[in-house]
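Please read the points below alongside the sequence and the structure. They are meant for someone who has not looked at this chain before.

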Amino acid sequence: MAYLPVFYLTKRHPSAILLLVQLMGMLLYPFLEETQAGLVAFNAFGVTVLALTTRMVKRTPGLTWISVTLATVIIALLVLQTFFGMNHLLPWSSGLEAIFYFYAAGSLIAYMMEDLRATTDELFAAGATFTLLAWGFTHLFMLIQLLQPGAYGAAINPQEMRTWTELNYLSFALLSSTGIGDVIPLTPHARAVASVEMFVGLLYLAGVVARLIGLTMQSHLDDTPKS
């Protein structure tokens, strides 16, 4: 049946599904965040990512009840904002989403570091973890902006509030150390968090990713027939 390969991939490599959904979200968000209908779809997609992330945490040393509790509260806040116009809850949902994604990223890192071999799913988890960290900082940036308007500027419409897509772009630029680009932190608090993200990105690439690459190369060497 046509859906069996997808089901098999989901069971065997859930990190790959999580990574794929995250990347799809980044491509779809710019089309969704400008209208009310798009906002509903935006939040629905966010719930999907939360559900997939919670499922992924079950495979890690992380405590599932923590991720489930956070996800439940976040979903409730998103429902109140979407259907009842309670936008004053946005700082709370942004802050909790940042905590949720950081906890999920930490759980995946523990999952990747718990043994001395690099599986295919762990390699996918490396990409998913990087994205989770970027999303966590994005929500943290959103929280800072809500509490401190004008915390972020940009080359286009510099006085306006930055969108989730713009802050996500900034987050990936900082975490990968590729440069800040045209979205920049302006206040001391925003710059402090940006500095922390750059530091976290360097540690992740130098520690976790480099370790997985080393284990993968060692595995290939061990499998090479001796002459």
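The numbered points go from the whole chain to single residues.

1. Status and overall make-up. This is a predicted model. The protein chain contains eight helices and two strands. Their order along the sequence is α-α-α-α-α-α-β-α-β-α.

2. Burial, surface and contacts. The protein chain has 227 residues, and 43% of them count as buried. About 11900 Å² of the chain is exposed, with carbon and sulfur atoms supplying 72% of that area. Among contacts in the protein chain with a separation of 6 or more, 70% join residues 24 or more positions apart.

3. Helix α2. Residues 14-32 make up this helix, which has 19 residues. From first C-alpha to last it reaches 26 Å, close to the 27 Å expected at 1.5 Å a residue. The helix has a kink of about 30° at Met26, shortly before the proline Pro30.

4. Buried residues of α2. The buried positions include Pro14, Ser15, Ala16, Ile17 and Leu18. Further along the helix, Gly25, Met26, Tyr29 and Leu32 are also among the buried residues. Met26 is thus both a buried residue and the site of the kink.

5. A nonpolar patch. Which residues form a nonpolar patch on the surface? They are Leu20, Met24, Leu28 and Phe31, with about 420 Å² of accessible area together. Leu20 belongs to helix α2. Its relative accessible area is 47%, so Leu20 counts as partly exposed, below the cut-off of 50% for exposed. As a general point, an α-helix has 3.6 residues a turn, so residues three or four places apart point the same way.

6. Phe130. This residue sits in helix α6, residues 120-147. Is Phe130 buried or exposed? Phe130 is buried, because its relative accessibility of 16% is under the 20% cut-off. Beyond its neighbours within four places in sequence, Phe130 is in contact with Phe172, Leu175, Ser176, Tyr204 and Leu205. Phe130 and Gly201 lie 71 residues apart in sequence, yet their C-alpha atoms are 8.2 Å apart in space.

7. Val196. Helix α8, residues 188-223, holds Val196. Val196 is partly exposed, at 44% relative accessibility. Its C-alpha atom is separated by 9.7 Å from that of Phe137, which is 59 residues away along the chain.

8. The salt bridge. How many salt bridges does a search of the whole structure find? The search finds one. Arg162 forms a salt bridge with Glu166, and the closest N and O atoms are 3.0 Å apart. Arg162 is buried, with a relative accessibility of 4%, whereas Glu166 is partly exposed at 22%. The value for Glu166 puts this residue in the partly exposed class because 22% is not under the 20% cut-off for burial.

9. Positive phi in two loop residues. Asn157 lies in the loop between β1 (152-154) and α7 (164-175). The phi of Asn157 is near 50°, a positive value in a residue other than glycine. Asn157 is partly exposed, at 43% relative accessible area. Ser177 is in the loop between α7 and β2 (183-185). Ser177 is not a glycine either, and its phi is positive at about 60°. Ser177 is partly exposed, with 40% relative accessibility.

Conventions
Residues are numbered from 1 along each chain as its sequence is written. This is a predicted model: local features need pLDDT of at least 70, side-chain atom pairs count only at pLDDT 80 or more; totals for chains, interfaces and linings use all residues. Side-chain values use heavy atoms; hydrogens and water are left out. Helices (H or I, at least four residues) and strands (E, at least two) are DSSP runs, numbered from the N terminus. The expected span of a helix is 1.5 Å times one less than its number of residues. The bend at a residue is the angle between axes fitted to the seven residues ending there and the seven starting there. Buried means under 20% relative accessible area, exposed over 50%, partly exposed in between (1.4 Å probe, protein chains only). Contact means heavy atoms within 4.5 Å. Accessible areas come from the Shrake-Rupley method with a 1.4 Å probe; for residues, only the protein chains shown count as cover. Patches are made of residues with over 30% relative accessible area and no salt bridge: like charges are joined within 9 Å, nonpolar side chains (Val, Leu, Ile, Met, Phe, Trp, Tyr) within 5 Å. A salt bridge is a side-chain nitrogen of Lys or Arg within 4 Å of a carboxyl oxygen of Asp or Glu.
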